[in-house]
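Visitor: Could you walk me through this one slowly, please? I am still new to reading structures.
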Amino acid sequence: MRSFASNFRGAHLRLNRMITQQAKRAFVSSHRDRGRQKRDFRRLWITRINAATRIYKVFDSYSKLIHFLDGTPNPY
């Protein structure tokens, strides 16, 4: 645990109980934030695709693009 805590500061670096508590908290945060990061990137991609479909006038919106990806012909 001490090698994991080498980047901590103050008491979190020196005291055993603090090291274990902070390590647990760091692992919980990293696990939670991996899911949050995927969610954020998905939102970013949707925003970018939506903007591109409007600029190039492929569809009016992202939702229409996704709807017509199943093989339905483009009504435009």
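Guide: Let us begin with a term: contact means heavy atoms within 4.5 Å. This is a predicted model, where local features need pLDDT of at least 70 and side-chain atom pairs count only at pLDDT 80 or more, while totals for chains, interfaces and linings use all residues. Residues are numbered from 1 along each chain as its sequence is written, and side-chain values use heavy atoms, with hydrogens and water left out.

Visitor: Okay, so what is S61 in contact with, leaving aside neighbours within four places in sequence?
Guide: With those neighbours left aside, S61 is in contact with N50, T53 and R54.

Visitor: And where is S61?
Guide: S61 is placed in the loop between helix 2 and helix 3, helices being DSSP runs of H or I with at least four residues, numbered from the N terminus.

Visitor: Is S61 buried or exposed?
Guide: S61 counts as buried because its relative accessibility is 14%; buried means under 20% relative accessible area, exposed over 50%, and partly exposed in between, with a 1.4 Å probe and protein chains only.

Visitor: What about K57, buried or exposed?
Guide: K57 is exposed, with a relative accessible area of 70%, and K57 lies in the loop between helix 2 (16-55) and helix 3 (62-68). K57 also has a positive phi of about 55°, although it is not a glycine. Most residues other than glycine have a negative phi.

Visitor: New topic: how many aromatic pairs does a search of the whole structure find?
Guide: The search finds one: F59 and F68 are stacked, at 5.5 Å centre to centre and 5° between the planes. Rings of Phe, Tyr and Trp (its six-membered ring) pair if their centres lie within 6.5 Å, and planes under 30 degrees apart count as stacked, over 60 as edge-to-face and the rest as tilted.

Visitor: Why does F59 count as buried?
Guide: F59 counts as buried because its relative accessibility is 8%, and F68 counts as buried at 18%.

Methods:
Helices (H or I, at least four residues) and strands (E, at least two) are DSSP runs, numbered from the N terminus.
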